[in-house]
Amino acid sequence: MSIRTEEMILNVGPQHPSTHGVFRLVVKIDGEIIQDANPVIGYLHRGTEKLAEDLTYTQFIPYTDRLDYLNAMTNNYVWCNTVEQLMGIQVPERAEYLRIISMELNRIASHFVWWGTFLLDLGALSPFLYAFRDRETILDLFVKLCGARMTFSYMRIGGVRFDAPSGWLDEVRKVVKELTENIKEYDLLVTGNEIFQHRTRGVGVITKEQVIDWGLTGPVARASGVDFDIRRNDPYSIYDRFDFDIPVRTKGDVYAKYEVRLEEIRQSLRIIEQALDQIDKVDGPIIAKVSKIIKPPAGEIYTRAEGSKGELGIHLVSDGTTKPYRVKLRRPSFVNIEILPELLKGKNIADLIAIFGGIDVVLGEVDA
Amino acid sequence: MEISLLLKIIYGVASLLLLLLGVTYAIYFERKVIGYMQVRYGPNRVGPWGLLQTVTDVLKLLLKEDIIPSKVDRKVFIIAPVIAFAPSFMILATIPWSENLYGADLNIGLLYFIGISSITTIGILMGGWSSNNKYALLGAMRGVAQMVSYEIPLVLSVIGVVILSGSLNLRDIVYAQQDMGVWFIIPQFLGFIVYIISAIAELNRSPFDLPEAESELVAGYHVEYTGFRMAFFFLSEYVYAIAIAALATVLFFGGWLGPAFLPGIIWFLFKWSFFIFFFFWLRATLPRARVDQLMTFGWKVLIPLALVNIVITTLVKAWMG
């Protein structure tokens, strides 16, 4: 006798604890094995690119905050940098250092959120609170620097809005020391855990070829052996002045991504330390002399930076007026998430959470 | 005859009330313990040190609107929480809290405990099936598969204790430890390890809380339940935690035995709280196992280990005479 079975369609999201926002995944499952997965995005679509066409160059800065809201500093930077490049503005050195410090702090904060929520998805409750405890110290620094915790709008075309308040740099130095210590707790609590290793090793493997075919970037690509980091391969700002390593793993599984991100936190701390040492010797303006009305020459440009999720790029077409003619945002989360259906086929539904969590996407950036 | 029946009823009602109080404060204890492990305070607003927090939580659950979704299988949906809860309370009758304080002195106490406790599985399956919800169904299927698979190593692991004590009566098992002069944790260490792991899986507690894995299945089998029906599922889970911890105390840690300067019940509660704490400790520390790894572990590791334990125990017992 044979038992008749049929596939079940399960609708994961848009309201689901592990989709981290409004992501929807329609999966066809046979028992608990995924036969087919169909991601549905767009629940958070605001038409940012179109909105940009009706805003002046400065007005668009707050909109970039709301793309990858966990990594808003880099978003700010890429937009400002794009316009500066097109206009040929030279950014003062002190502003560059402040930009680097805030961007790297933000990268750490973003990776903390990933670390905490990823482990929450795997069913471990405590790491989330440890990660948020440490992230809080960084957010406090940002509040003192620019008054905002997440949507900073700290950078301006030509520099930054505020200089570091007095004593702020010393506080950063203290926080960097604290975090260097606290990261050790992360390893003790999670990395060596047997269950954690079983859940992540060999799960959701992305090959090097797949990375290149799908255009994946960031920690996801570096976990699969693609040794590419824009901070080193195509240096922007003043990254060429710092000594840091790019962590690369070859396995391509979720565990490799975990290792890469954790190591990136350590490297970011290193960069901040060096930047703090160098900024002491740099004084001067924090914003270049830029006219009130920003009017880049007609032309087009593409610039990019290494966000916490991958390559964040902006393609800007200017027609010489005060408003951009066309803005194309290359959002790393949007590109990285596309490989998801291919990774999920034939996997257990419990792996769905681990694989999706491993890619690390922010829905504000996917939908833009 | 009349009086003894009355006494039994009083014992039953009193233990139900005590149990509710116990569960309320077990939850409070859990939240405090996990809170401190997670560098935060835990409940501290309602009442002194937040002592009334869980009481208000329970009251809130009881006062909530009772929602029965329109597409559920009504009868099954309503009866499932009762079927899940009732056995959890019934098994407590056999636990000897001290030399004189126990509900029923059953000759087959251990068998009764394990037999009755498996009825809960049916309640969970009924709840998941009748909810007409895919997550609930997946959760219930996982729950049943897990509880059935881990019941086997659980039963096998306590057989060593039964061989050593020669009885299924829980009081006699404690007396046997008194006679032997050593708690069964030492001669039955392997059995204890298997017992505690499969007990946690049987309880659906972290790291084996797959049937209600929040991040995967939202809430698992009780996703459609609200108000006091949900409270019943919740309650049965905690009562089982209490019962399993009590059984571990009796089987492996000598029940009420301890130096005479404290009464037996205090010793019992002390050891028992340690197990409760241990369950909470695990929850604060470990991620969740994956469903197929869980099954493999149960069938390929725990059951063989339990069998080895039985063989060794039997051989030693035969050799020692």
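Me: At what angle do the axes of helix α3 and helix α10 of chain B cross?
Reply: Happy to start there, keeping in mind that this is a predicted model. Helix α3 of chain B covers residues 74–90 and helix α10 of chain B covers residues 227–252. Their axes come within 8 Å, and the crossing angle is roughly 25°.

Me: Are α3(B) and α10(B) roughly parallel or roughly antiparallel to each other?
Reply: The axes cross at roughly 25°. Angles under 35 degrees count as roughly parallel. α3(B) and α10(B) are therefore roughly parallel.

Me: Is the crossing of α3(B) past α10(B) left-handed or right-handed?
Reply: Let's look at who meets whom as well. From α3(B), residues including B:Pro81, B:Phe85 and B:Phe89 meet residues of α10(B), among them B:Phe232, B:Val239 and B:Ala243. As for the way α3(B) passes α10(B), the crossing is left-handed.

Me: How many nonpolar residues does the contact of α3(B) with α10(B) have?
Reply: B:Val82 and B:Ala84 are among the residues that α3(B) brings, while α10(B) brings B:Phe233 and B:Leu235, among others. By class, this contact has two polar residues and one charged residue, and its nonpolar residues number eleven.

Me: Which helix gives the most to the largest nonpolar core?
Reply: That core has 189 residues, and those with the most contacts inside it include B:Ala241, B:Ala243 and B:Ile244. B:Ala243 also touches B:Ser88, B:Ile91, B:Leu92 and B:Ile95, leaving aside residues up to four places away in sequence. With 19 residues, the helix that gives the most to this core is α10(B).

Me: How many residues of chain A are in contact with chain B?
Reply: On the chain B side, the elements giving two or more residues are α6, α9, α11 and α12. By class, that side has eleven nonpolar, five polar and nine charged residues. So much for chain B: its 25 residues are in contact with chain A residues numbering 26.

Me: Which residue just after α14(A) takes a positive phi?
Reply: Helix α14 of chain A spans residues 349–359 and is mostly covered, with eleven of its eleven residues buried. Among them are A:Asp351, A:Phe356 and A:Gly358. Just after this helix, the residue with a positive phi of about 60° is A:Asp360.

Me: Is B:Ile3 buried or exposed?
Reply: B:Ile3 is found in helix α1 of chain B, residues 2–37. Its C-alpha atom is separated by 47 Å from that of B:Pro207, 204 residues apart along the chain. A residue with 12 or fewer other C-beta atoms within 10 Å counts as exposed. B:Ile3 has 7, so B:Ile3 is exposed.

Definitions and conventions: Residues numbered from 1 in each chain as written. Chains lettered and ligands numbered in written order. Predicted model: local features only at pLDDT ≥ 70, side-chain atom pairs only at ≥ 80, totals over all residues. Contact = placed C-beta atoms within 7 Å. Helix = DSSP H or I, 4+ residues; strand = E, 2+ residues; numbered from the N terminus. Nonpolar A, V, L, I, M, F, W, Y, C, P; charged D, E, K, R; others polar. Axes fitted to C-alpha atoms, helices over the stretch in contact; angles between N-to-C directions. Parallel < 35°, antiparallel > 145°, perpendicular 65-115°, else oblique. Left-handed = near helix turned anticlockwise from the far one by under 90°. Core = buried A, V, L, I, M, F, W, Y, C linked by C-beta atoms within 7 Å. Buried ≥ 20, exposed ≤ 12 C-beta atoms within 10 Å, placed from the backbone.
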